[in-house]
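Colleague: I should like to work through this entry feature by feature. Please give the general idea in each case before turning to the example.

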Amino acid sequence: MSTLRRSGPSPTTTDTDAARTRAILRRLELDVTRRLDGLLQGDYRGLVPGLGSEPGETRAYSAGDDVRRMDWNVTARMNEPHVRESIADRELETTVLVDLSPSLDFGTVRQTKAELATAAVAAIGLLTDRAGNRLGAIVNDGARLHDIRPGSGRRHLMSVLHRLATTVPQPGDSALVEGLHRLAGPGHRGGLAVVVSDLLRPGWSSALRTVTLRHETLVIEIVDPRELELPDVGLVDLVDARTGRLVEVDTRSAKVRARFAEAGRARLDEHAHDVRAARADHLVLRTDRDWVLDLAKFVDRRRRRRHLIAGAVA
């Protein structure tokens, strides 16, 4: 799998860096399209099919259905709860909120979390681009939000990826929550919203619920294994990427490692609960795993679920 490297601390990108970035992005494009080829063949509903805006067939309510889709007229006539399916829009506008704040400038295995976030956006963009959909982005560099207007086509996608690959994280309070509010605002047409972040900044859960009111929403959580467990390597200095705070940790202590692992598991469980509570889909990608395979499994589960629903209706 290709590895992206973001530019150094200077905002100036040299010609050599730019050429290297373009070459890496081309290899990433080939990697993603080759490995995920076939997943969306003949599919005009995008990577994550949206609910659409046109009403479709009704069917009996089943556990887990969104109560906002209840058809009360049919329910009254049939004396049984029914929900109404909707026809997915053929042209879907996808907006990606990409968190590239300092906490994502970290990675201990195959790549950094920021590189994995960019790769995930590449996959979303390349797959949804097949249906001619439009892709826009909101980029959080840690201090500010940067809007990329929606566009379609491979050239537009590569421009978005280049912007992500060359974004330099800035110190400051993460703007993730502000980005979620912007995504939920009237400036973005309803469609598919994809939030790519490590979710380490608190306070995002309520803002995420405002996003799901307007968009079919997918949250891609980026995780590095060293955030979940500590190896026994003696005394180490850990630096908070956001604040620069330095903490000395004795990893020889089994108790310290156990508490660290327990806190990591609890954090992931809390994130999963908050995403489900917001009625968004949740995909966890790790820097030490084959992220393309994990993404393919996620899409396959989604499709199987929809096929089961369609079969129940028939």
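Colleague: Which residue in β10 is the bridge partner of Val219?

Modeller: First, the conventions: this is a predicted model in which local features need pLDDT of at least 70 and side-chain atom pairs count only at pLDDT 80 or more, while totals for chains, interfaces and linings use all residues. Residues are numbered from 1 along each chain as its sequence is written, and side-chain values use heavy atoms, with hydrogens and water left out. Helices (H or I, at least four residues) and strands (E, at least two) are DSSP runs, numbered from the N terminus, and two strands pair if DSSP finds at least two bridges between them. Here, the partner of Val219 in β10 is His282. β7 and β10 run parallel and are joined by six bridges.

Colleague: Which side chains of β10 point to the buried face?

Modeller: Buried means under 20% relative accessible area, exposed over 50%, and partly exposed in between (1.4 Å probe, protein chains only). In β10 the side chains alternate: Asp281, Leu283 and Leu285 lie on one face and are buried, whereas His282, Val284 and Arg286 point to the other and are not.

Colleague: What covers the buried residues of α7?

Modeller: Contact means heavy atoms within 4.5 Å. The cover includes α6 (205-212), β7 (216-223) and β10 (281-286). The residues of α7 that are buried are Ala261, Gly264, His271, Ala272, Asp274 and Val275. After α7 comes Arg279, with a positive phi near 65°.

Colleague: How should one read the salt bridge of Glu178 and Arg182?

Modeller: Side chains of opposite charge can pair when their charged atoms come close. The criterion is a side-chain nitrogen of Lys or Arg within 4 Å of a carboxyl oxygen of Asp or Glu. For Glu178 and Arg182, the closest N and O atoms are 3.8 Å apart. The two are about one helical turn apart, because they stand four residues apart in helix α5. Glu178 is partly exposed at 45% relative accessibility, as is Arg182 at 30%.

Colleague: Where in the chain do Lys113 and Glu227 lie?

Modeller: Their side chains meet in a salt bridge (2.4 Å, N to O). This pair links distant parts of the chain, 114 residues apart: Lys113 is in helix α3 (residues 113-128), and Glu227 is in the loop between β7 and β8 (235-239). Lys113 has a relative accessible area of 0% and is therefore buried; Glu227, at 14%, also counts as buried.
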